[in-house]
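This report looks at the internal spaces, the ligand site and a few backbone features of a single model. Please keep the sequence and the 3D view open while reading.

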Amino acid sequence: MSNARVIAIDGPSGSGKGTIASLVADNLGYKLLDSGALYRVLGVAVLKYNIDINKPSAVAELAGKLNIEFGRGGPGTLWLDGESVTKEIRTAIASDMASTLGAMPAAREALLEAQLGFRQPPGLVADGRDMGTVVFPDARPKIYLTASPEERAERRYKQLIGKGIDAILPDLLRDLKERDQRDSERTISPLKPAKDAVIIDTTNLDIDQVVSQVLELVAGS
Ligand code: C5P
């Protein structure tokens, strides 16, 4: 396995980690891993193939044989078994499935190898919930982005509307709080900053300010 540098960017949904990770990766010419997208694709696949989510072995088997392609139809696109699921993985049901699967040890285990495979030269920016705590414990730096729930719901709202997906702000806020709670309270890989993570609260920062802070941390570590 490659020992290329990994920059871990963890945090709750809507903290800006996807946007920031992508800009930092572009700036450094590094690869990008959106680990949440893997959980989301698995969620879409569970629904598509009618897998019983209460059967961990069936979910793990499915996870092991998924054919997932990133970027086949342009940057940010995602394909599952030859079909585009770029929009589908951002729907409320896919978010909910991803969060449910995220609490399943068998699903986490099954997706681990795929995530490790993204570690390639010249380096990787990995975003998720447990990049710095579990998947890449030797990442440097480890960054934990956060923001108030209201700000995060608002960002998600704008993102969805911008992609042509209908959304209702109060529903997004409720779902986000529910997911935060489930992600933080689960026993396996709970959402929490690594001991050696730098915490950045992005509530009152714009994207450029956060990218600059992250790049400074990268240069200094
Ligand atoms: O980051 P995103 O909101 O796309 O992630 C969707 C869900 O996938 C999260 O709510 C979380 O439950 C799960 N997830 C996870 N571990 C990761 C990334 C995402 O459990 N590293």
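How much space lies in the largest cavity? About 40 Å³ of space lies in the largest cavity, and a search of the whole structure finds one cavity of 30 Å³ or more. The structure is a predicted model, in which local features need pLDDT of at least 70, side-chain atom pairs count only at pLDDT 80 or more, and totals for chains, interfaces and linings use all residues. Residues are numbered from 1 along each chain as its sequence is written, and side-chain values use heavy atoms, with hydrogens and water left out.

**Largest cavity.** On a 1 Å grid over the protein atoms alone, a cavity is a set of points where a 1.4 Å probe fits but cannot get out, a pocket is an open set with protein on both sides within 12 Å along at least five of seven lines, and lining residues have an atom within 4 Å of a point. Grid points are joined across faces, edges and corners, and a volume is the space filled by probe spheres set on the points. Among the residues that line the largest cavity are D10, R129, K142, Y144 and K192. Helix 6 (131–135) and strand 7 (142–146) are the elements that give two or more residues to this lining, and strand 7 has the largest share, with three residues. Helices (H or I, at least four residues) and strands (E, at least two) are DSSP runs, numbered from the N terminus.

**Ligand site.** The ligand is surrounded by 17 residues, of which the closest are R40, R108, R129, R179 and D183; a residue is near a molecule if one of its heavy atoms lies within 4 Å of it. Polar contacts (pairs of N or O atoms within 3.5 Å) are made with the ligand by the side chains of S35, through a ligand nitrogen atom at 3.0 Å, of R108, through a ligand oxygen atom at 2.7 Å, and of R186, through a ligand oxygen atom at 3.0 Å. The protein covers 99% of the 450 Å² of accessible area that the ligand has on its own, with areas taken from the Shrake-Rupley method with a 1.4 Å probe. Helix 2 (35–48), helix 4 (92–102) and helix 8 (169–185) each supply at least two residues of the shell, and the largest share, four residues, comes from helix 2.

**Second largest pocket.** This pocket holds about 310 Å³ of space. Of its 18 lining residues, those closest to the centre are T91, A92, S95, L172 and D175. Helix 4, helix 7 (149–162) and helix 8 each supply at least two residues of the lining, and helix 8 gives the most, with seven residues.

The table sets out the residue classes of the three sites, where Ala, Val, Leu, Ile, Met, Phe, Trp, Tyr, Cys and Pro count as nonpolar, Asp, Glu, Lys and Arg as charged, and the others, Gly among them, as polar.

| Site | Nonpolar | Polar | Charged |
|---|---|---|---|
| Shell around the ligand | three residues | five residues | nine residues |
| Lining of the second largest pocket | seven residues | two residues | nine residues |
| Lining of the largest cavity | five residues | two residues | four residues |

**Backbone features.** A cis peptide bond, with omega about 5°, joins P121 and P122, and P122 is placed in the loop between helix 5 (105–116) and strand 6 (123–128). The peptide bond from R140 to P141 is cis, with omega near -5°, and P141 lies in the loop between helix 6 and strand 7. D81 is not a glycine, yet has a positive phi of about 45°; D81 is found in the loop between strand 4 (78–80) and strand 5 (83–84).

Definitions and conventions. Polar contact = N/O pair within 3.5 Å; in protein donor to acceptor, adjacent residues only side chain to side chain.
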